[in-house]
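Thanks for coming, everyone. I'll take you through one model, starting with the sheet and then the helices. Here it is.

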Amino acid sequence: MTILITGANGTVSKEVLRSLRGTADLRLLVRDRAKAPSGVEVAVGDLHHPETLDQAFEGVDTVWQLTAMGPDSTHASSNALWAAKKAGVRHIVRMSAIGAGHDAPTRNGRLHALSDIELAASGLGWTVVRPAFFMQNILGSVDGGTFYGAPGEGRIGMIDVRDIADFAAVVLRDPARHQGETYTVTGPEAIRLRDMTDTLSEVYGRPITYQPMSPDDAYPVLLKAGMKEWDAEVTREYLKAYDAGWGDYTTPTYTAVTGRPGTTFAQFARDYADQIGG
Ligand SMILES: NC(=O)c1ccc[n+]([C@@H]2O[C@H](COP(=O)([O-])OP(=O)(O)OC[C@H]3O[C@@H](n4cnc5c(N)ncnc54)[C@H](OP(=O)(O)O)[C@@H]3O)[C@@H](O)[C@H]2O)c1
């Protein structure tokens, strides 16, 4: 039983690979073979060029389908779905996003909703995973004694990417059990960035204070950091929604499916101390 992992060099799929390694036959889809990790079968293909995908999907039973954020994400998702259909893939587990829907406050959420519906109507086995805001989004946010936060004052049920991957791995190993499910996966607590400073002060052994940044002030910073314009605009849409409390909830789904408690922010902060302040 071969599982194809798309987005294999990215934040989430790298962790999906870690979680599945040694427990299933794996193949990675990458655009650049030179960037692929060693010790796993690799197929080169580009989700925006369907003619490059046939070999990558051949002989695959289950696909972990992750598409990068962008205005053309539905194109990539549709091409992956079509390649899977032609190759006789049985089940696609699709990485979507929290709150995906036709009325989502972000373009990314509305585009994910379209791809989720296309998958559900495809005739293939399917499962949709909609994770919350990643804890890893705050890496690099502590500078000296200051923690800069763009999601403002809203509580967010944020999740550690390692948990998203472990959740996905459970589904990918036994996809038929999760047929037709749309899972909204959060961390174990909804927290404000302002309330993370106690934990961060403890981790770094010095006082850390919170400096909120408005979504509009964050926008040029994101561009300066190299983010594409569309991605920065959509990130600003998310930040505004989070500031207004849009992400203030948790679900019991992670524990119900994996049988384990989700990673707390305190644990995440200890594990990633060098990168949060990096
Ligand atoms: N950030 C959040 O808080 C959050 C929350 C919920 C859901 N999400 C969703 O998470 C997804 C992004 O996940 P991520 O952060 O792991 O992404 P990422 O780190 O940006 O990685 C994206 C991966 O996709 C690959 N890729 C890009 N274009 C491709 C193409 N045309 N063909 C084949 N592969 C391509 C990239 O490969 P290269 O290495 O070749 O560039 C990279 O490996 C998005 O769908 C987003 O909506 C994000």
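Start with strand 1 (residues 2-5) and strand 2 (residues 25-30): they run parallel and are joined by four bridges. Helices and strands here are DSSP runs, helices being H or I of at least four residues and strands E of at least two, numbered from the N terminus. For one bridge, look at Ile 3, whose partner in strand 2 is Leu 26.

Two words on the source. This is a predicted model, so local features need pLDDT of at least 70 and side-chain atom pairs count only at pLDDT 80 or more, while totals for chains, interfaces and linings use all residues. Residues are numbered from 1 along each chain as its sequence is written.

Now the whole sheet. It is open, has seven strands in the order 3-2-1-4-5-6-9, and the pairing is parallel. Two strands pair if DSSP finds at least two bridges between them. Which strands are at the edges? Strand 3 (41-44) and strand 9 (181-185), each pairing on one side only. Neighbouring strands are turned by 20 degrees against each other on average, direction ignored. For angles in general, axes are lines fitted to C-alpha atoms, for helices over the stretch in contact, and angles run from 0 to 180 degrees between N-to-C directions.

What packs on the sheet? Helix 1 (residues 11-20) does, touching strand 1, strand 2, strand 4 (62-65) and strand 5 (91-95). Its direction makes about 155 degrees with that of strand 1. Helix 5 (residues 161-173) packs there too, touching strand 1, strand 4, strand 5, strand 6 (125-131) and strand 9. Its direction makes about 170 degrees with that of strand 6. Contact means that the C-beta atoms of two residues, placed from the backbone, lie within 7 Å.

Next, helix 1 against helix 5. Their axes come within 8 Å and cross at roughly 55 degrees. That makes helix 1 oblique to helix 5. The cut-offs: under 35 degrees is roughly parallel, over 145 roughly antiparallel, 65 to 115 roughly perpendicular, and the rest oblique. The crossing of helix 1 and helix 5 is right-handed, meaning that the near helix is turned clockwise from the far one by less than a right angle; anticlockwise would be left-handed. The contact includes Val 12 and Val 16 of helix 1 and Ile 164 and Leu 172 of helix 5. By class, it has nine nonpolar, two polar and four charged residues. Nonpolar covers Ala, Val, Leu, Ile, Met, Phe, Trp, Tyr, Cys and Pro; charged covers Asp, Glu, Lys and Arg; the others, Gly among them, are polar.

On to helix 3 (residues 73-87) and helix 4 (residues 107-120). They pack at about 15 degrees, with axes 9 Å apart. Helix 3 and helix 4 are therefore roughly parallel. Among the residues that meet are Ser 77 and Leu 81 in helix 3, and Leu 111 and Glu 118 in helix 4. This contact divides into four nonpolar, five polar and one charged.

Last pair: helix 7 (residues 215-224) and helix 8 (residues 229-243). Their axes come within 9 Å and cross at roughly 150 degrees. That makes helix 7 roughly antiparallel to helix 8.

Finally, the ligand. How many residues surround it? There are 27, the closest being Gly 7, Asn 9, Gly 10, Thr 11 and Ala 97. To count as near, a residue's C-beta atom, placed from the backbone, must lie within 6 Å. Helix 1 gives the most to this shell, with three residues. The shell has 14 nonpolar, nine polar and four charged residues.
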